[in-house]
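Trainee: I should like to learn how to read a structure that is new to me. May we go through its features in turn?

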Amino acid sequence: MVKIRMDIENIESKKIKFNLDTGFSPNQCSKKRMLSDMEGMYNNIKEYRNILQKGDKIVYEFHDLDINQRSAELCYGTTVVYPGKVGDEYYMTKGHFHEVLDTAEVYYSLKGQGILLMENIDGRIEIQEMEPGDSVYVPPGFAHRSINISKNEPFITFFVYRADAGHDYKTIENKGFRKLVIERNGTPTIIDNPNWNNK
Ligand code: PAN
Ligand code: ZN
């Protein structure tokens, strides 16, 4: 009880600006994920290597604020996924389960056109298309990945989740998502991942 009271006494409110147009904050650094960080994430490995050979690129960036990782608190920030493709597969985040599986997350779209791809360990799939003003509730137990389906605009979202949730990247790195979002005849199309659980 004494410890909780001390934690509460030390917490301050804070105000952080996130620019509605760029998604960035003037005072906070973002974490950058380069194409070279995405080894094994894209289905077309040959095309991935081809592009990388010509030079590395930023695929997305997001904020990882210094928030005390305890269940009483919330982590939040923005993610900016740049437009682009590897073969016919759109630029996307790595995607993850939360380490504390039974924790949800909320995404709110600020700019661009995107898809939030979600799946749980039993293989239930949830897919939500997002445009500015849309919020999506990622239910507890669902891995989630943001995908930019626009041709020339960044896809920018704001997210909030329980601060002690943690990130399990390994499951997706090892298995992939069951679905892929690709461009087919100029249209975003959802297909079965031919390499799911096959790495
Ligand atoms: C987000 C993500 C962020 C980057 O903050 O961490 O969009 O995506 P990856 O973590 O999959 O690389 C979130 O969902 N946090 O839990
Ligand atoms: Zn998450």
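The dialogue below treats the overall form, the core and the metal site.

Mentor: Two conventions come beforehand. This is a predicted model, in which local features need pLDDT of at least 70 and side-chain atom pairs count only at pLDDT 80 or more, while totals for chains, interfaces and linings use all residues. Residues are numbered from 1 along each chain as its sequence is written, chains are lettered from A and ligands numbered from 1 in the order in which they are written, and side-chain values use heavy atoms, with hydrogens and water left out.

Trainee: How many helices and strands does the protein chain have?

Mentor: Helices (H or I, at least four residues) and strands (E, at least two) are DSSP runs, numbered from the N terminus. The protein chain has 3 helices and 15 strands.

Trainee: What does the radius of gyration of the protein chain agree with?

Mentor: The radius is taken over C-alpha atoms, and the globule rule is 2.2 Å times the number of residues to the power 0.38. For 199 residues a compact globule would come near 16 Å, and the protein chain, at 17 Å, agrees with this. Along the principal axes, its C-alpha atoms fill a box of roughly 60 × 35 × 30 Å.

Trainee: Which residues have the most contacts inside the largest nonpolar core?

Mentor: Such a core is a set of buried Ala, Val, Leu, Ile, Met, Phe, Trp, Tyr and Cys residues joined through side-chain atoms within 4.5 Å. Buried means under 20% relative accessible area, exposed over 50%, and partly exposed in between (1.4 Å probe, protein chains only). The largest core here has 41 residues, and those with the most contacts inside it are Leu 35, Met 38, Tyr 42, Val 59, Val 86, Leu 116 and Ile 147. Its largest share, 4 residues, is supplied by β8.

Trainee: Which protein atoms are donors of the zinc ion (ligand 2)?

Mentor: Donors are N, O and S atoms within 2.8 Å of the metal (3.2 Å for Na, K and Ca); water is not among the atoms, so sites may look incomplete. For the zinc ion (ligand 2), the protein donors are His 96 (NE2), His 98 (NE2), Glu 105 (OE) and His 144 (NE2), at 2.0 to 2.3 Å. His 96 lies in the loop between β5 (89-90) and β6 (97-98) and His 144 in strand β11 (residues 142-148), so the pair ties together parts 48 residues apart in sequence.

Trainee: Are His 96 and His 144 buried or exposed?

Mentor: His 96 counts as buried at 9% relative accessibility, and His 144 counts as buried at 2%.
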